[in-house]
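Reader: I should like a close look at a single part of this model, namely one short strand together with the strands it pairs with. Please then place it beside a few other parts of the chain.

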Amino acid sequence: MTGGAEQTTTRQYETEVNIVDAGADPTGSEPIDDVLAEYNQDDTAIYFPDGEYLIDELILYGRSNFAMVGDGDATLVPGPDHSTDVWIGGADVENLVFEGFTLDHTGDDVHPTVGFTAIDDLVVRDVTKVGYHDGSNTAFGFDISDPDGSGLIENVTMADGSIPEAVATYVATDGELTFRNCHIEGFGNNGLYASLSNGPVHVDGGIYRNNDIAQVRLGSPGSTVSNAIIAVDDPRPTDKNMRGIRISDGPGPVYIDNCDIHMERGPGGGGVVNAYSGGSFVLQNSRIFVGPEYYVIGSDGTATSFAIYVDEPTGIDDPGSRTIERVAITGGGTYRGAAIFMRDHNTIEDVCIHQSGRERNGLVFDDSADNAVVNANIDVPELAITGTGSVDTSDIGRHGTCASPNDGEYDGATIASDGAPPLPPGLGSMSYGTMGTDADNPTLTVYGNFKCPYTRDFLARHVETLRSSFVDEGLLNVRYRDVPYEPWNPGEPYILDDGPSGLVSQYGLGVWDVEPENYWSFVEYLLANRDGLDWTSSDALTGLLQDAGIRNWGKVSVYVDEGYYEAPMQESVAAAADLDVTYLPRLELAGDSTGPRNVRGSLESWVAARL
């Protein structure tokens with residue numbers, strides 16, 4: 001920022017006035033327009049103590065070195081004859097501060113616009129709009145008219161949404177404008193619509209959530225989005241195309257850094273969208289989650305949308321280039337791909353893609369040339385890199401997990417449920433579901449059978465006690481190995497059933513392999529619903545994974561179909577045979593084995609004696 005946009009408390013004013021001392025009503029009974037008119041002049045600061053103030057219209061045209069500051073819990077309410085087009089605002093202002101207010105727009109048919117066009121040095125800070133915006137006019141508008149000027153919009157919140165036609169914040173600035181730690185949510189026609197600007201627009205922090213068309217829309221050279229949460233997770237029936245960050249209407253470059261982009265459900269074109277009219281962008285150090293219910297427009301929900309979508313360029317002289325580096329893409333769904341590029345000059349480096357589902361590709365290049373993919377781990381059910389374009393590749397891996405968005409409620413579905421047991425480090429070397437704090441802890445192995453009522457009873461009654469007494473204290477690991485066949489006769493199922501007896505065992509191994517943080521919640525769900533399950537088909541067990549909240553259900557199903565878990569399943573049967581197991585469940589610790597019902601005294605005493 002340049003100029004004095006960061007400073008409010010140290011400014012000097014020729015006139016400073018307490019609006020209540022000047023005669024304004026702080027009870028919300030009478031409009032205060034006449035009192036404001038007396039002090040609508042340059043070099044003036046007006047302070048509003050606790051109270052509620054009715055205003056019909058306040059136009060601050062041409063004001064210089066002027067401030068309105070809520071000095072406490074100050075609420076501004078549109079009066080009975082309020083103006084809708086511009087309720088509070090003004091053009092050609094300079095060195096203007098509007099700070100510290102709640103704007104109460106909860107009344108019926110109350111949807112006024114607040115807007116300022118400044119020459120330079122505009123500060124709008126700590127302002128909260130309360131109430132659904134039920135008109136088609138824009139809620140807020142901010143512009144800097146001098147190309148060398150600047151402004152700061154900080155801690156402005158408008159989270160109660162709008163009708164489909166309303167823009168939350170419209171910006172067409174020539175100077176530099178920064179939005180810091182703002183919260184825009186639930187608007188029908190863009191959250192921050194700033195792509196028609198000439199000057200740079202910066203988004204620093206904040207939450208932009210569930211706005212139709214785009215959460216943030218930029219296009220001017222040097223514009224940035226950093227440290228922000230971008231989310232689509234609660235669509236309305238009227239929403240048509242809920243994008244994350246949209247680069248459009250300008251040449252860029254737009255820089256996106258350290259953002260959490262969470263596209264969970266609803267119709268939309270992508271988490272980061274390079275629109276037909278947008279130019280260059282750089283995306284780095286960010287995390288994008290795409291859920292299977294975030295779907296492509298026109299697909300009726302059958303095709304999952306993209307983390308990144310680069311459209312064909314039209315209406316722009318220079319299609320520009322794209323650089324994507326140090327980015328993790330998680331989630332998944334059906335068809336298409338994690339990212340699609342329909343123009344030239346794309347560089348992807350140090351990227352991890354972990355997408356599950358069916359017929360889901362990684363990077364798709366369509367009629368696209370001059371592309372490079374370097375040092376990427378692309379773990380998807382179908383092709384890592386595909387399409388009709390040309391691409392140079394090096395150091396491409398196909399297996400592994402990615403860091404997921406990590407900021408509060410937008411951390412995706414990869415985070416374990418509340419109260420999940422600890423998982424020891426080094427999970428990649430552990431073939432079977434384990435809870436614990438250290439790979440070197442003594443390990444109690446439970447041999448059981450998912451279909452066996454005695455196994456269900458043991459896990460339901462004892463595992464939580466073992467966890468609280470030993471696992472959480474760092475004294476013991478607990479490991480579960482499912483045994484689907486008779487150890488003494490491996491050709492026969494331990495529990496008679498139609499269909500492949502070992503199928504559910506392999507699905508359990510797959511959950512541990514692909515999504516270990518949710519393994520124990522899957523086991524709990526499986527056993528709790530044991531009596532109503534269809535164990536006999538991949539389709540039924542894939543549905544079970546989805547019902548149990550396993551995000552990577554498609555990937556698990558693919559790996560089971562490809563036989564990834566046949567060997568570790570058979571190894572559990574062989575290990576149980578080595579222990580001379582004749583019934584399940586069976587416990588093994590420190591070279592000793594027993595059935596839990598054969599233990600004299602408590603199970604905890606048996607375990608403690610072997611530690």
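**A strand and its partners**

Author: In the hairpin considered here, Leu587 has Thr594 of strand S39 as its bridge partner. The model is a predicted one, and the description below should be read in that light.

Leu587 belongs to strand S38, which covers residues 586–589. Strand S39, residues 592–594, pairs with S38 in the antiparallel sense, and three bridges connect the two. Together S38 and S39 make a hairpin with two residues between them. In that turn, Ala590 has a positive phi of about 55°.

S38 has a further partner in strand S34, residues 443–448. These two strands also run antiparallel, and three bridges join them. Within this pairing, Thr445 stands opposite Glu588 of S38.

The side chains of S38 may be taken face by face. One side carries Arg586 and Glu588, the other Leu587 and Leu589, and all four are buried. Both faces of the strand are therefore covered, given that buried denotes under 20% relative accessible area. The residues concerned include the charged pair Arg586 and Glu588 as well as Leu587 and Leu589.

A helix may be set beside this strand. Helix H3, residues 503–514, has 12 residues, of which 11 are buried, so H3 is largely enclosed by the rest of the structure. Among the buried residues are Leu503, Gln506, Tyr507, Gly510, Trp512 and Val514. From first C-alpha to last, H3 reaches 16 Å, close to the 16 Å expected at 1.5 Å a residue.

The cysteines can be treated next. The structure holds zero disulfides. Cys182 takes part in none, and the nearest cysteine sulfur to its own, that of Cys259, is 14 Å away. Because a disulfide requires sulfur atoms within 2.5 Å, the sulfur of Cys259, 14 Å from that of Cys182, is too far away for a bond. Both residues are buried: Cys182 has a relative accessibility of 3%, and Cys259 has a relative accessible area of 0%.

The surface offers a last point of reference. Ile59, Tyr61 and Val86 form a nonpolar patch there, with about 270 Å² of accessible area together. Val86 lies in the loop between strand S6 (64–78) and strand S7 (88–104). With a relative accessible area of 31%, Val86 is partly exposed, whereas Leu587 in S38 is buried.

Conventions:
Residues are numbered from 1 along each chain as its sequence is written. This is a predicted model: local features need pLDDT of at least 70, side-chain atom pairs count only at pLDDT 80 or more; totals for chains, interfaces and linings use all residues. Side-chain values use heavy atoms; hydrogens and water are left out. Buried means under 20% relative accessible area, exposed over 50%, partly exposed in between (1.4 Å probe, protein chains only). Patches are made of residues with over 30% relative accessible area and no salt bridge: like charges are joined within 9 Å, nonpolar side chains (Val, Leu, Ile, Met, Phe, Trp, Tyr) within 5 Å. Accessible areas come from the Shrake-Rupley method with a 1.4 Å probe; for residues, only the protein chains shown count as cover. A salt bridge is a side-chain nitrogen of Lys or Arg within 4 Å of a carboxyl oxygen of Asp or Glu. The expected span of a helix is 1.5 Å times one less than its number of residues. Two strands pair if DSSP finds at least two bridges between them.
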